[in-house]
Amino acid sequence: MLVSFAENAIMSSCVKPLVKSNEPPIVLLHGFDSSCLEWRYGYPLLEEAGFETWAVDILGWGFSDLENLPPCDVVSKRNHFYQFWKSYIRRPMILIGPSLGSAVAIDFAVNYPEAVEKLILIDASVYAEGTGNLATLPRSVAYAGVYLLKSLPLRLYANYLTFTNMSLGTILDGTNVGRLHCLLPWWDDATVDFMTSGGYKIAPLIRKVKQKTLIIWGANDRIVSNKLAVQLHCELPNAILRQIPDCGHIPHLERPDSTVKLIVEFIKTEKKKLSRCVSQVSQVSS
C-alpha cells in the first residue's frame, strides 16, 4: 500500500483485512529484523474470531519498497507508521507488538495516544539501551556485521534459542521464512542505517503509557528474561500479565492458539467492562 513519507511515497507491505468491523481494528507489528510473515499462524485465527486485523511491516524491515533508501531510524519508523495509520486505519486501534515490536508499539502509543486504544505486548524487548556499541561502529564494519546477521547459520541458531521443543524441520522452516526479506537489495543499507542511528531506548516512556495493556510472555523465554516481564508489569500504569507455559520467545508462532485465546479474552473482557460502565452511567442519568 502506498504511504506518503517525507518527500516520497513508499510502497509499504502489509496484510489487509478480509473482515471489516466497526470495532477497533487489531494491528500487528513484528519483532527486530522480521516481517508480517511472523503472524502467519496467528493472523488467520484472529480473523476467524471476527476481528478486523492488519499486519504491518515496520519501515526498514519486511518487504516494503525501499529503493530510494529512506532513513530508517526510530523517528522515521514512527512517522511512517503514523502515515500508514492516518491513511488506512483512521481510528483508535488495538496495537500488538512482539519482542522489539513492543518498543515500537510503546514509542508510538506515547507519541500518538489518540491512535491507540489498547496495547498488547508479547515477550517485550523494551529495556535494551538501543543498539549499544553497534551505533559507533565504522560503516564498513557495520556492513560486515549485517552480512553475518542474515547468514543461515546465525539465523538457524537464533531460531533454536527462540523456540521450545520444536523439531529441527520446523526451526529450519522458520529460519527460511524469517530471512526472506533479507534478500531484498536494500536490506543491508536499511539495517545499517538503523544500527548506526542508536535504535530504541524507550525505558523512560514505559510509565507514560496511558492505554490498558496486556503483557503476554512465554514461560521458557531464553531471549528476554521473565524477570523483565514482572518489571514491565510493575512499571506500566494499567497492565495485566499472562504467561504461556512451555513456550519460548515468540508465542504467536510457537503457541498461536494460546496466544490468540489470551488476546481475544483481553479484548472481550475490556469491552464488557466498558459496556457495564456505560450502562451504569445511563441508569444514573435517567
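**Helix packing and unpaired cysteines**

Helix H2 (residues 74-89) packs against helix H3 (residues 100-111) at an angle of about 65°, and their axes lie 10 Å apart. The angle makes H2 roughly perpendicular to H3, because the roughly perpendicular class runs from 65 to 115 degrees. The model behind these values is predicted. Two packed helices are described by the angle between their axes and the distance between the axes. Handedness adds to the picture: H2 passes H3 in a right-handed crossing.

Which residues make the contact? From H2 come Val74, Arg78, Phe81, Tyr82 and Trp85. H3 supplies Asp107, Phe108 and Asn111. By residue class, the contact of H2 with H3 holds five nonpolar residues, one polar residue and two charged ones.

Now the cysteines. How many disulfides does a search of the whole structure find? The search returns zero. Take Cys14 to see why. The closest cysteine sulfur to that of Cys14 belongs to Cys36, 7.4 Å away, which is too far for a bond. A disulfide needs the two sulfur atoms within 2.5 Å. The view from Cys36 gives the matching result: the closest cysteine sulfur is in Cys14, at 7.4 Å, again too far for a bond.

Are these two cysteines buried or exposed? Cys14 has a relative accessible area of 19%, so Cys14 is buried, given that buried means under 20%. Cys36 also counts as buried, with 9% relative accessibility.

Conventions. Residues are numbered from 1 along each chain as its sequence is written. This is a predicted model: local features need pLDDT of at least 70, side-chain atom pairs count only at pLDDT 80 or more; totals for chains, interfaces and linings use all residues. Side-chain values use heavy atoms; hydrogens and water are left out. Axes are lines fitted to C-alpha atoms, for helices over the stretch in contact, and angles run from 0 to 180 degrees between N-to-C directions. Helices (H or I, at least four residues) and strands (E, at least two) are DSSP runs, numbered from the N terminus. Angles under 35 degrees count as roughly parallel, over 145 as roughly antiparallel, 65 to 115 as roughly perpendicular and the rest as oblique. A crossing is left-handed if the near helix is turned anticlockwise from the far one by less than a right angle, and right-handed if clockwise. Contact means heavy atoms within 4.5 Å. Ala, Val, Leu, Ile, Met, Phe, Trp, Tyr, Cys and Pro count as nonpolar, Asp, Glu, Lys and Arg as charged, and the others, Gly among them, as polar. Buried means under 20% relative accessible area, exposed over 50%, partly exposed in between (1.4 Å probe, protein chains only).
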